[in-house]
Every structure is written in C-alpha cells, then in structure tokens.
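Work through the exercises below with the sequence and the coordinates at hand. Each task is followed by a stepwise solution.

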Amino acid sequence: MMNNTRRGRLLAAVAVGALALSAAACGSDEPAPAAGASGAASAPAEKVEITLQTFGGGENFAYDDAVAAWNASHPNIQVKYVNLTDRFEDTYLPQVLQWLEAGSGAGDVIAMDEGAMGLMSARPQYFADLSQYGLDSRKADFPEYKWNTGVNKDGKLYALGTDIGGMAMCYRTDLFKQAGLPTSRDEVSALWPDWNAYLETGKKFKAALPKVGFVDGANTVYNSVLAQEAGKNGGQVYFDQNQTLIVDKNPGVKAAFDYVQTLSTAGLTAKLRSWTEEWNTAMQKGGFATMGCPSWMLGVISGTSGDANKGNWDVAAVPGASGNWGGSWLMVPSQSKHPKEAAEVLNYLTGKDGQVAAFKEGGNFPSSLPAQQDPAVADAKNAYFNDAPSGPIFAASVAQLSPVFFGEKHAQVKAAVEEVLVGADQGSVKWADAWTRFVEEGVKAAG
Amino acid sequence: MSLDVDAGHRTRMLPSNQRRHARPPGPRRLLSWLDLRAAPYFFVSPYFVLFAIFGIFPLIFTLWVSLHDWQLAGDKTFIGMENYTELLADDKFWNSVVNTVGIFMIATVPQLLLALLLANALNKKLRGRLVLRLSVLAPLITSVVAVAVVFTQLYGRDYGLVNWLLSLFGVDAIHWQNEKWTSWVAIATMVDWRWTGYNAIIYLAAMQTIPKDLYEAAAIDGASPRRQFWGITVPLLKPTIIFTVIVSTIGGFTLFAEPVMFGAGLMTGGTTGQFQTVAMFIVKEGFRDFQYGYAAAAAWILFLLILISALINFALVRGLGRSR
Amino acid sequence: MTTLTQTRPRASRAGSARLDPFRATPFTKAMLALAIFLSIFPIYWMIIIATRSNEDAHSVPPPFLPGGNLGENIQAVFDAENAHFMTGIINSIIIASTVTVGIVVISTLAGFAFASLNFRGRNLLLLSVVLTMMVPLQQMGIVPLYQMMVTLGWTNTLKAVILPFLVNGFGVFLMTQYTRQAVPRELVEAARVDGANTIRIWWNVAVPAVRPGMAVLAIQTFMLIWNEFLWPLIILTPDNPTVQVALRALNDRYSTNYVLIFAGTTISIIPLLLVFVLFGRQIIGGLMEGAVKE
C-alpha cells in the first residue's frame with residue numbers, strides 16, 4: 001500500500017507537470033505535429049477506402065460533419081463511417097474482439113470506450129504502432145492521463161483520445177421549483193459545495209416532494225463520486241498499476257459505496273437502473289430531479305427527455321472537486337490493409353478540427369487541449385438546457401483532472417460491483433450484506 | 001402399370017399381394033436390392049453432410065476450447081479439465097441451472113396442457129376455422145425482440161400496464177425483476193404467449209390423423225367428451241407429445257432472448273442473478289468476461305443437462321399412455 | 001370453408017347433436033375466444049402504438065385505439081439513418097425463403113427414411129439427430145463458424161447466413177415423428193411389393209400424406225429464420241442487414257422512440273402477415289385435409 005500511495009503521488013506530480021507543458025503547447029497556437037503527420041504530401045497514388053467503426057446511441061461520436069469535411073478534401077482517402085450499435089458492452093466490444101481474433105472484419109479505425117482500454121492495452125498484438133506514422137508527436141495535445149491510457153503495456157502508442165467526460169450535475173428546474181428550491185444554476189451550484197450539502201438538499205427536496213426521486217438511482221451517483229475519489233487515490237479505481245485487484249482496499253471505492261448507501265437509505269433515489277426503459281421513461285416524466293452529468297450525458301438527456309422537456313433541465317456544478325466519467329479513444333487494428341492512411345484519418349479525427357466538429361455536432365467535449373481552447377468549444381451554450389454554458393462548465397471540470405488507470409478487467413469488475421449496488425438500492429440485496437457481497441463479486445469478476 | 005401414372009396417394013388403396021409375381025428378375029433385382037440398401041442413406045445424407053460441415057466442426061472446436069484457459073482475443077493455455085472442475089464448484093453456474101429448470105417448469109407444463117386443450121377445442125366443428133387457427137398461430141409472427149419489448153413494458157414497475165391493473169385492486173406496485181418468483185412468472189408468460197398456439201397447431205395436425213370413427217364409436221358407447229379426450233386423443237398423440245416435450249425441453253434449457261430483454265439487455269439476469277439462465281451464463285462468461293474456454297465448458301455441461309432432462313421427460317411421457 | 005360443407009352432412013348423419021363428439025360446447029367457444037384475444041391483443045396493441053405519437057405511447061393507461069400517425073411513422077422508419085430497412089426486408093425474404101425450402105426438403109427426405117425405411121444404424125443416426133438438437137449451437141457456434149466464413153471469404157454474403165441455418169435437427173425430428181404417424185408401414189411395404197422404388201414411394205406415398213407436417217414445418221421455419229438475429233448481426237455488415245438487424249439498429253439509435261420502433265416492428269411483420277393471408281389457406285388447409293380422411 002505504501003507503494004501505491006507513493007506511485008500515486010509520483011503520477012500526480014507527473015500529471016501536473018504535463019498539464020503545465022500542454023498548457024504551454026496550447027499557448028503556441030497551432031499544434032504543428034498534427035498537421036505535419038497527415039496532409040496532402042502523403043496522399044497515396046491509389047484511392048483507398050478507410051472504414052471507421054464507432055458505437056453509441058443518438059449523437060454519440062457525431063462524426064458525420066467531420067467525415068464529410070475530410071472526404072471533400074481528400075479524394076484519395078475516402079472514409080466510410082459506420083456506427084455499429086449503441087450497445088458498447090453487449091454488442092460492440094464482443095464483436096470487435098471476435099474480429100480481432102479472426103483477423104478480419106474490424107474497421108481501419110475503431111473507437112473504444114474507456115472501460116475496455118485496460119483490456120485493449122493487454123492485447124498489443126492487435127493494434128498498429130501509431131508512432132510509426134509520426135503520431136507520437138501529438139503528446140502535447142492531450143492531458144496526461146488521456147495520452148497514457150493510449151500507450152499499452154509494452155510502451156507502444158496504439159490509441160489517441162477523442163472526447164472526455166468531465167463532470168457536472170444536471171437538474172430539473174420544474175421539480176426544483178415545485179420543491180421550493182432555487183432554480184438558477186448559480187444558486188443551485190451554491191446549494192451543494194460538497195456531497196454532504198447535496199445530501200441535505202436532497203432531504204429538503206424529499207420533504208417537499210416525497211414521491212419524486214432526488215437522484216435516479218445508484219449507478220450515476222456512484223460513478224460521479226467515484227470519479228472524484230479515484231483522483232484522490234492516485235487515479236486507481238479497481239486495480240493498481242500492477243493489475244492487482246484493490247476493490248476492497250481502495251478507500252475511494254468504499255467512500256463512493258458508503259455515499260450511495262446513505263442516499264439510498266435516506267430514500268432519496270428513484271431506485272432506477274441506468275440505461276433501462278424505466279429510467280428513460282422517468283427522465284421523460286420527471287421521475288427524478290438530479291443526475292450526475294458527464295458532458296456526453298447531456299446528449300443522452302436531451303435525446304431521451306424529448307422536446308416536451310426542453311428547458312426543464314439545466315446544468316449546475318458537481319458537488320466536490322472535478323472528476324471524469326467516460327470518454328473514448330481511436331485505434332488502428334493491425335489487420336487494416338491501409339494502416340498509414342488509417343493513421344492519417346485517426347490523426348485528423350483526434351486533432352483539433354475533428355474534435356471541434358464533433359463537439360459542434362454532438363456536444364462531445366474534446367480531450368484535445370487545442371480543441372478545448374477553440375471559441376466554438378470554450379464559449380459554447382446548450383440550448384436544450386436553458387442555454388447553460390456547457391463549454392465553460394466542462395472546461396473548468398476537466399482542467400484539473402487527475403490521471404485514472406484502468407485495469408485489464410476494469411469493465412467486468414465495474415459491471416459486477418455496480419450490480420450489487422443497484423440490487424441494494426432496489427431491495428434485492430440487504431445493505432447489511434452489501435459491502436461483503438460487493439467485494440466478493442468484484443473478486444469473482446476479476447477471475 | 002398403375003404405378004407409372006400419377007396415381008398420387010391413391011396407390012395405398014391397391015391390394016398388396018396382387019402383383020407379387022410381376023417382380024422384375026435378374027439385374028433389375030440387383031438395382032432394387034441397391035435401392036433397398038442404399039436409398040435410406042441417400043435420403044438422410046443431405047442432413048448429415050450439412051451437419052458435418054456446420055455442426056461437427058463448431059462442436060469439436062468448442063470441446064477443444066473448453067480444455068483451455070482461452071481468452072477471447074487473448075492468451076490460450078491448455079489446462080485440461082480445470083474449467084469443468086471449477087464450473088461444478090461455481091455457485092453462480094448452479095444458480096443459473098436452478099433458474100433455467102424453474103422457468104422451464106412453470107412455463108412448459110401449463111403451456112403444453114393449454115395447447116392440448118386448445119387443439120382439442122380447435123378440432124371441434126366451428127365457423128371460420130381458418131381464421132381461428134391462424135389467430136392462434138399469430139404470436140409466432142412476432143419476433144422475440146418485439147415480444148420482449150412489449151412485455152417488458154407491460155411488466156414495468158412504475159408505468160407498466162400490469163401494475164396499473166393491479167393497482168385498481170389496491171395491490172402495490174410489484175418490481176417484477178426483483179424477486180425470483182415474480183421474474184420467473186413474467187418470463188414464463190412471454191414464452192407461453194409465443195409458443196402455446198404453435199404447439200396447439202402441432203397437436204391439431206396430429207389429432208386429425210386420428211380416425212373419426214374411433215370417437216363416434218366411443219360416443220355411441222356413451223363415453224363423455226372428457227373420457228374420449230383422455231382415453232383416445234392423448235394416448236394416440238403420444239409420439240407428438242413426446243416430440244413437443246423434447247423440443248420444449250431443449251427450448252427451455254437454451255432460454256435466452258426473453259430473460260435478456262426482460263433484464264434490460266444484460267446477461268446478469270437481475271441484480272443477484274434472479275433470472276440468469278444457463279445460456280445467459282455462457283454468453284456472460286464468453287462474450288462479456290471473454291473467458292471463452294470457461295463458457296465452452298459450460299456449454300458442454302448444458303448439453304449434458306439437456307440430454308439428461310430430455311431422457312427423464314421422455315420416460316415420463318412414455319408412461320403417460322400406459323396408465324390408461 | 002369447403003371442409004365445413006364436407007363435414008356438415010356427416011354430422012347430420014350421426015343423428016342427434018348430443019352424440020356428435022365434435023360439437024363445440026359454449027365452454028369451448030369461450031375458451032377459444034379468450035385464447036384468441038390473448039394471442040391477438042399484444043400484436044394489435046403494437047400496431048396501435050405504431051399509429052400514434054410518442055407522447056400518446058407513454059400515457060398511463062396506454063391508448064387502445066388507432067391514431068393518425070402511421071404513414072409518417074413508417075416514412076420515418078424507412079428514412080432512418082443506419083437502419084437500411086428496405087435492404088433488410090429484401091435480404092430477409094431471400095434468406096427465409098431459401099432456408100425454408102431447403103429445410104423442408106432435407107427434413108422430409110430424412111424423416112421418411114427414419115420413419116419408414118429399415119437400414120443399418122438407423123436408430124443410432126436418429127439418436128444423433130436428437131442429440132444435435134440439444135447442443136446450444138446458438139451460443140457456441142458463433143466463434144468457430146465466423147472463423148470458418150472468414151477462411152472461406154464468405155463474410156457479408158447471404159450464403160454465409162443461409163448454409164448454417166440449413167442444419168436443423170428439429171425439422172428432421174418433426175418430420176420423422178409426423179411421418180411415423182401419417183404413413184403406416186404397411187402402405188410403404190405394399191407400394192414396394194407393387195414394384196415402386198424408394199424415391200417413388202417417397203414422392204407418391206409419403207409426401208402427400210405428410211403435407212400437413214411439411215406445412216407446419218415450413219411456416220415455422222420461415223418465421224423463425226425471419227426473426228433470427230444473432231448470426232446475421234455478426235456475419236453481415238450493418239449496411240447490408242436482415243430485417244431484425246435493421247430493427248435492432250433502429251432500436252439502438254432511437255431507443256426511447258417507441259412509436260418508431262413499433263412502426264418498424266409492424267413493418268417487419270407485414271411480409272409474415274402476407275404469407276399468412278396468401279398461404280394461410282394452404283397451410284391450414286393441409287391440416288384440414290386430414291380432417292376429412294376416413
């Protein structure tokens with residue numbers, strides 16, 4: 001454990017250094033390497049088609065405009081953009097793994113969610129080394145952790161970051177009004193400087209509107225708290241950097257667990273599981289009042305709640321410090337027949353122009369630091385959320401992000417332990433047994 | 001020769017021994033011997049050739065995989081029977097077996113009984129038989145996905161139609177996914193809705209091969225419709241009943257889509273695995289946790305379980321007619 | 001309806017209605033009415049939702065009468081990005097028809113051999129057919145079959161979908177059981193004594209007698225293959241889907257838009273409804289034919 005803390009502190013120090021560096025890089029306006037690696041000079045003699053595979057519902061990834069712009073200016077490298085499915089864990093990931101194993105079927109550029117990055121990092125043989133195509137020069141464009149996650153266990157650069165989650169708190173102005181709480185986002189942010197104050201606000205809300213949940217359920221609140229706590233613990237969540245399971249030892253995990261228990265036993269949750277029909281319906285019908293909101297969640301809320309609820313939702317600051325939940329990477333499978341051209345496309349999409357285009361189209365907050373500085377991002381407002389200044393809110397949130405490390409089995413452990421939390425919230429697991437079970441399930445899932 | 005013209009099924013009316021002396025001699029005898037010996041293999045060969053290509057290969061591959069610590073798109077190490085020993089000690093696996101058997105029982109027994117009664121009713125003289133029979137078969141045209149979407153909504157905790165109906169009688173909202181029994185009942189209704197009519201049609205098809213005079217004679221002897229049903233219909237339907245029981249057993253043991261959709265598309269089957277079936281367990285291990293070797297071993301054990309229970313059911317149903 | 005006229009005189013010949021074992025009692029009629037209501041209602045409701053707006057679909061209690069949005073909802077399904085609904089319907093028609101014809105022929109042949117012919121290893125082979133039905137191929141066949149198709153270079157072709165579906169132990173088993181019931185052994189022996197060879201016996205004796213069984217198998221195969229999802233999803237690309245894959249894509253992208261999904265589902269069952277309406281008489285007629293058999 002000594003080791004862990006020391007390593008954590010060391011990493012944090014590196015992160016701070018890197019941030020300073022990258023900030024400096026941003027200052028120098030145009031990031032030269034991004035343009036240098038691709039560009040017209042390296043255009044192939046023959047026309048090639050690059051297949052780009054992504055996942056996600058609604059506007060996720062939002063590459064339509066970015067791809068159209070690329071195809072217009074690169075007649076010899078045409079990108080075919082395929083959004084395979086919105087289900088990452090059940091459909092996309094198993095299928096991509098199968099394609100990788102079979103040596104055929106995967107696109108030339110594929111997207112990957114953060115939960116599976118540990119898994120991908122342990123399978124270096126399936127991905128092209130991006131530094132071969134000059135993309136190692138992009139380091140200064142990214143926050144430390146976003147960059148490091150794309151470097152696998154052999155030290156090979158195999159993925160570059162796309163969007164980043166950040167963290168805010170979404171809330172229903174109509175329900176807050178009914179409960180006699182303030183509704184403007186500054187006043188609401190002031191209600192909850194920390195998670196305790198958030199709990200107290202919840203109790204007031206429940207006293208006024210006993211039938212409505214203050215939060216949706218266990219998943220979102222747990223991930224919001226955990227995102228912050230992970231930062232405090234050297235970026236570790238369920239595994240340390242040696243791939244040792246620390247679900248029972250990480251105080252951040254226990255803190256997030258305890259907080260969910262407090263909220264749930266106080267009766268403040270609507271006992272809903274994320275990504276279910278009931279959850280969607282409750283979002284439309286005002287079944288709950290607040291929800292932890294990474295940047296990509298705004299699109300989920302607006303897409304699900306529909307036009308009828310436009311203006312009912314708003315965005316306030318998240319209690320506590322900043323944290324990150326979610327975000328993706330792009331990579332080039334080694335089975336690609338045109339790795340060089342694929343790397344060029346990848347470079348463009350993860351670069352400033354590609355990320356700004358995706359933000360404009362779908363609201364995905366860029367991880368690229370130059371893209372974050374772009375006025376189109378930095379000054380952005382979200383019309384659906386009462387013109388909330390989503391650009392500044394998330395920029396502030398991601399500015400102080402700490403690095404996070406994903407173990408190889410991160411996704412499986414996450415799924416298993418959250419199952420216990422949801423069960424305890426909904427009543428199929430007793431809270432008294434929940435922590436023991438939580439740890440047990442985590443251990444089992446880690447194999 | 002009357003057989004050379006297109007006599008169709010009327011050939012059966014020919015008295016069998018009239019033309020015995022007309023059998024062709026010599027080389028034609030060899031041909032007919034070949035026809036007798038080889039033709040059966042020719043008849044079954046299309047199935048077995050296809051099976052050899054698209055069935056045997058995956059089976060052997062799966063067996064081979066089950067002897068490895070085989071990570072999907074990852075490391076593969078030979079470990080012998082270790083997956084099997086681990087599996088037999090895995091309480092999650094056994095939980096999924098219990099769920100599968102439980103859902104199978106509460107789905108299949110009422111389903112086949114209802115199908116028999118329904119078939120018997122459809123076998124009566126009724127106006128608009130065609131429409132009636134097609135209506136009963138109608139659920140088959142909907143996909144599992146559509147069924148699951150509709151039923152999951154019907155069983156919704158907060159906004160579902162079933163809970164709304166129950167609330168009219170003062171029953172509190174039930175969280176159908178939360179308990180074993182409630183989730184099993186909900187899933188069983190989905191399965192039964194889709195398959196009862198289909199089984200009824202299968203029974204009906206078989207019922208119509210039963211000669212009518214059997215019933216007429218029994219009726220004249222004063223046997224009640226109920227006695228005719230249990231005394232004539234059920235025993236004569238035995239091969240068909242055996243067929244449906246075995247097919248339902250297989251369907252029940254590989255039950256997958258309904259519980260998956262009922263549980264929000266997850267393979268866990270509820271927060272504590274209340275309705276995780278063996279097929280879901282296999283997919284979770286193989287395609288969510290990427291322990292393909294472990295999943296392959298579970299598939300082989302599932303195969304054995306199906307075999308055993310099909311044999312038990314076969315024995316039970318065979319006894320059915322004897323108790324007459 | 002021809003059969004009704006054929007059976008009615010029989011009933012009157014049998015004398016008093018009370019003696020007729022095929023008389024439908026009021027209880028029978030009530031039970032049938034309930035069964036048909038339960039069978040039809042969810043489908044009816046699905047179509048109702050497809051004709052409404054999204055706000056209506058979420059009201060409690062839900063609507064039970066059609067609205068006026070069907071045309072616009074169907075338009076939206078065909079316009080839906082990423083779903084390729086029209087391609088999906090065409091692909092599914094090709095796949096389901098081919099597999100249906102294939103399975104019915106293969107199963108009728110094998111079923112006849114197992115039920116009516118004697119040959120060495122028959123019981124063992126039949127047992128192996130039943131055994132193959134018990135293998136959860138759906139779950140475990142996917143990885144090896146995918147690798148096979150990659151090796152053959154058949155990924156994203158319809159034959160890669162069709163061929164593995166032709167392996168259907170269920171069909172062989174069904175036709176074996178059915179042939180056993182419908183084709184008495186003596187009949188086969190009699191035809192053989194008359195000098196008919198096996199193919200002729202199959203065609204002239206067995207096939208006419210097992211037609212109802214073939215009809216049931218055909219309709220069931222067509223519907224199951226039409227609704228098959230997992231294998232096409234894996235072997236075909238999203239821009240060349242089957243109807244169920246297209247439906248899933250629709251569900252993925254517009255998961256909260258019930259109206260759109262239900263409209264998609266409604267469109268997806270239209271070809272099956274057509275099969276029902278066009279061939280229903282033949283399918284069920286096959287069953288009716290048995291009814292007049294003495």
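The exercises concern a predicted model and cover two sheets and one interface.

**Exercise 1.** Determine the strand order of the five-strand open sheet in chain A, and find which strands lie at its edges.

Solution.
- Step 1. Following the pairing across the sheet gives the order β2-β1-β3-β9-β4 in chain A, with mixed pairing.
- Step 2. Strands β2 (77–85) and β4 (159–164) of chain A each pair on one side only, which marks them as the edge strands.
- Step 3. From one strand to the next, the twist averages 25°.
- Step 4. For a single pair, take β1 (residues 48–55) of chain A: its pairing with β2(A) is parallel and spans eight bridges. Within β2(A), A:T85 is the bridge partner of A:F55.

**Exercise 2.** Which strands of this sheet does helix α14 of chain A touch, and what angle does its direction make with that of β1(A)?

Solution.
- Step 1. Helix α14 covers residues 339–350 of chain A and packs on the sheet.
- Step 2. Heavy atoms within 4.5 Å count as contact; helix α14 touches β1, β2, β3 (109–113), β4 and β9 (327–331) of chain A.
- Step 3. The direction of α14 makes about 45° with that of β1(A).

**Exercise 3.** Describe the four-strand open sheet of chain A and the helix packed on it.

Solution.
- Step 1. The strand order is β6-β7-β5-β8 in chain A, and the pairing is mixed.
- Step 2. At the edges are β6 (213–215) and β8 (313–316) of chain A, each paired on one side only.
- Step 3. On average, neighbouring strands are turned by 20° against each other, direction ignored.
- Step 4. Strand β5 (residues 168–172) of chain A runs antiparallel to β8(A), and four bridges join the two. One residue pair to locate is A:C170 with its bridge partner in β8(A), A:V315.
- Step 5. Helix α12 (residues 277–285) of chain A packs on this sheet and touches β5, β7 (288–293) and β8 of chain A. Its direction makes about 115° with that of β7(A).

**Exercise 4.** How many residues of chain C and chain B are in contact, and what is the make-up of the interface?

Solution.
- Step 1. The contact involves 110 residues of chain C and 106 residues of chain B.
- Step 2. Between them, chain C and chain B bury about 10200 Å², of which 76% is on carbon and sulfur atoms.
- Step 3. On the side of chain C that touches chain B there are 75 nonpolar, 24 polar and eleven charged residues.
- Step 4. The count of salt bridges between chain C and chain B is zero, while four residue pairs, both residues at pLDDT 80 or more, are in polar contact.

Terms used: Residues are numbered from 1 along each chain as its sequence is written. Chains are lettered from A and ligands numbered from 1 in the order in which they are written. This is a predicted model: local features need pLDDT of at least 70, side-chain atom pairs count only at pLDDT 80 or more; totals for chains, interfaces and linings use all residues. Side-chain values use heavy atoms; hydrogens and water are left out. Two strands pair if DSSP finds at least two bridges between them. Axes are lines fitted to C-alpha atoms, for helices over the stretch in contact, and angles run from 0 to 180 degrees between N-to-C directions. Buried area is the accessible area (1.4 Å probe) that two parts lose on being put together, summed over both. A salt bridge is a side-chain nitrogen of Lys or Arg within 4 Å of a carboxyl oxygen of Asp or Glu. A polar contact is a pair of N or O atoms within 3.5 Å; within protein, one must be able to donate a hydrogen and the other to accept it, and residues adjacent in sequence count only if both atoms are side-chain atoms. Ala, Val, Leu, Ile, Met, Phe, Trp, Tyr, Cys and Pro count as nonpolar, Asp, Glu, Lys and Arg as charged, and the others, Gly among them, as polar.
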